[in-house]
Amino acid sequence: MEARPELPEQPEPKNPGRVFHTERVAPRDAMESVTEQLARGGSGDGVIDETYDTRVKIGEALEGSARAIGDKPVERSDAAAIRVAEASALGGDAERGAIPGGVAERAQAAAAANACAARDEDKVTMTDVLTWEATMKLPTGKAVTSEVAAAAAEAEAANDPRAETNPRGVSAALDMAAKHNLNTSAPLE
């Protein structure tokens with residue numbers, strides 16, 4: 001058995017006033033902690049920041065749809081709705097293009113791969129495409145509007161063999177987010 005090489009010692013911090021904790025935290029726990037801090041205006045004092053924007057953003061709604069749908073394989077209709085949502089987040093329309101390597105491109109590739117997959121367990125799911133990716137790859141400031149939700153529903157239905165939308169799908173999540181955003185006091189963009 002070979003001896004493992006010695007790891008170099010950690011250098012002493014240049015600024016002894018800064019302490020970094022190196023304990024690993026699961027990504028979900030880290031995001032929940034960040035979300036809680038943001039809801040308090042970024043402070044740990046428990047004071048609510050009334051100026052915090054509580055509107056649901058497009059990336060958040062897409063990730064919400066992935067949690068609602070779960071392990072449903074990505075279909076062309078899903079990819080079409082995601083493409084419209086991504087284009088809206090960029091401030092354009094679906095025909096203008098998507099982010100290279102973004103969620104729309106991944107969803108379209110997944111739908112094409114799923115069409116050729118022999119077994120259901122080989123198919124790429126909505127969770128695979130959207131969870132953790134949407135908010136990381138999309139501009140974060142664009143809130144969901146009823147226009148975005150309607151355009152996504154139209155694209156989803158146009159690309160569905162039954163010309164329907166999934167009641168727990170991408171356009172449904174965007175619609176719920178748009179309704180939430182209508183009830184918030186922050187002005188829409």
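**Salt bridges and a helix crossing**

In this predicted model, E164 and R162 are joined by a salt bridge whose closest N and O atoms lie 3.6 Å apart. The two partners fall into separate accessibility classes. E164 has a relative accessibility of 44% and counts as partly exposed, while R162, at 55%, counts as exposed. R162 is placed in the exposed class because its value is over 50%, and E164 is partly exposed because its value lies between 20% and 50%.

Side chains of opposite charge can pair when their charged atoms come close. A search of the whole structure finds eight salt bridges, and the pair E164 and R162 is one example of such a contact.

Further pairs involve residues R119 to K123. The side chains of R119 and E121 meet in a salt bridge, with an N to O distance of 3.4 Å. Here E121 is exposed, its relative accessible area being 58%, whereas R119 is partly exposed at 46%. D120 takes part in a salt bridge with K123, and the closest N and O atoms of that pair are 3.5 Å apart. D120 is exposed, with a relative accessible area of 57%. K123 has a relative accessibility of 24% and counts as partly exposed; the class follows because buried would require a value under 20%.

Salt bridges also occur as a network in this model. K72, E75 and D78 are the residues linked in that way.

The other topic is the packing of two helices. Helix α2 covers residues 58-69 and helix α8 covers residues 170-182. Their axes come within 8 Å of each other and cross at roughly 125 degrees. At that angle α2 is oblique to α8, because the crossing falls neither in the range of 65 to 115 degrees that counts as roughly perpendicular nor over 145 degrees, where helices count as roughly antiparallel. The crossing of α2 past α8 is right-handed.

Which residues make the contact between the two helices? From α2 come A61, L62, S65 and I69, and they meet V170, A173, L174 and A177 of α8. By class, the residues of this contact comprise seven nonpolar, one polar and no charged. The polar residue is S65, because Ala, Val, Leu and Ile count as nonpolar and Ser does not. With no charged residue in the contact of α2 with α8, the helix contact stands apart from the salt bridges described above, which pair Lys or Arg with Asp or Glu by definition.

Note on methods. Residues numbered from 1 in each chain as written. Predicted model: local features only at pLDDT ≥ 70, side-chain atom pairs only at ≥ 80, totals over all residues. Heavy atoms only, no water. Axes fitted to C-alpha atoms, helices over the stretch in contact; angles between N-to-C directions. Helix = DSSP H or I, 4+ residues; strand = E, 2+ residues; numbered from the N terminus. Parallel < 35°, antiparallel > 145°, perpendicular 65-115°, else oblique. Left-handed = near helix turned anticlockwise from the far one by under 90°. Contact = heavy atoms within 4.5 Å. Salt bridge = Lys/Arg side-chain N within 4 Å of Asp/Glu carboxyl O. Buried < 20%, exposed > 50% of the residue type's maximum accessible area, 1.4 Å probe, protein only.
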